[in-house]
Amino acid sequence: MAYDSAATKARLLDAAYDEFVRLGLAGARVDRIAKAASANKQAIYLYFGSKEDLFDAVMADRLRVLADVAPVTADDLPGYAGALFDALVADPGLQRLSQWRALEFPEASEAEIESHVAKATEIADSYGVGLTLATDLMMIALGAAMAWNATAERIRNPLGEPEEQRTAMHRQSVVTAVTALTNALTDAPKKATS
């Protein structure tokens with residue numbers, strides 16, 4: 001039987017994702033990841049170098065998936081917030097992994113900074129605002145989309161409405177709020193100068 005390194009890497013990434021979502025980098029164990037992936041522990045070091053490098057590879061892999069599912073649309077931040085909300089509801093682990101990343105590595109990498117500035121610049125150009133305001137708009141859209149998973153179920157659904165109905169209502173609230181805020185913030189400089 002031929003050995004398939006691509007399949008092994010994919011299994012390791014999936015198993016590592018599950019482990020890192022549950023326990024973060026500090027709590028994750030390479031022996032559990034290898035076992036869950038039906039792989040040798042040495043394969044992690046061979047393909048990824050270290051547990052930290054594996055974490056980075058998982059983050060990069062999942063962020064690519066998220067960017068495909070919910071790309072930042074510079075001219076439609078409300079649409080982006082809605083798509084991001086959908087992606088995070090479908091896979092709450094994406095948000096949890098990002099939270100672990102922020103806790104364990106609070107400093108942004110140069111690649112993350114460059115990506116953020118590029119997206120914020122597109123938003124600034126699209127809405128006709130400065131880079132700082134575009135950054136705020138992007139962060140607010142992100143925060144609105146993430147609020148659902150960051151709130152306990154009994155708090156986010158105090159009346160016990162059917163989960164699907166309540167989720168759809170909240171999604172609409174996210175889109176409406178980001179629309180209103182985007183309109184208010186992007187209109188303010190125009191009103192001040194007219």
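Here are some questions and answers on a predicted model.

Colleague: How many helices and how many strands are there in the chain?
Modeller: From the N terminus on, the elements run α-α-α-α-α-α-α-α-α-α. The count for the chain is 10 helices and zero strands.

Colleague: Which helix holds Leu-131?
Modeller: Leu-131 lies within the run of residues 131-146. That run is helix 8.

Colleague: Is Leu-131 buried, partly exposed or exposed?
Modeller: Buried needs under 20% relative accessible area, and exposed needs over 50%. Leu-131 has 41% relative accessibility, so this residue counts as partly exposed.

Colleague: Which residues form a nonpolar patch on the surface with Leu-131?
Modeller: Patch residues need over 30% relative accessible area. Leu-131 has 41%. Together the patch has about 220 Å² of accessible area. The partners of Leu-131 are Ile-113 and Val-117.

Colleague: What share of the exposed area of the chain do carbon and sulfur atoms supply?
Modeller: The chain exposes about 11,000 Å². Of the 194 residues, 34% count as buried. The carbon and sulfur share of the exposed area is 58%.

Colleague: What share of the contacts between residues at least 6 apart in sequence join residues at least 24 apart?
Modeller: The C-alpha trace spans about 70 × 45 × 30 Å along its principal axes. Contact here means heavy atoms within 4.5 Å. Among contacts at least 6 apart in sequence, the share joining residues at least 24 apart is 63%.

Colleague: How far apart are the centres of the positive and negative side chains?
Modeller: The chain has 19 positive and 27 negative side chains. Each set has its own centre, and the two centres lie apart by 7 Å.

Note on methods:
Residues numbered from 1 in each chain as written. Predicted model: local features only at pLDDT ≥ 70, side-chain atom pairs only at ≥ 80, totals over all residues. Heavy atoms only, no water. Patch = residues over 30% accessible without salt bridge, like charges linked within 9 Å, V, L, I, M, F, W, Y side chains within 5 Å. Areas by Shrake-Rupley, 256 points an atom, 1.4 Å probe, with all protein chains shown as cover. Salt bridge = Lys/Arg side-chain N within 4 Å of Asp/Glu carboxyl O. Helix = DSSP H or I, 4+ residues; strand = E, 2+ residues; numbered from the N terminus. Buried < 20%, exposed > 50% of the residue type's maximum accessible area, 1.4 Å probe, protein only. Lys, Arg positive; Asp, Glu negative; His and termini not counted. Charge placed at Lys NZ, Arg CZ, Asp CG, Glu CD.
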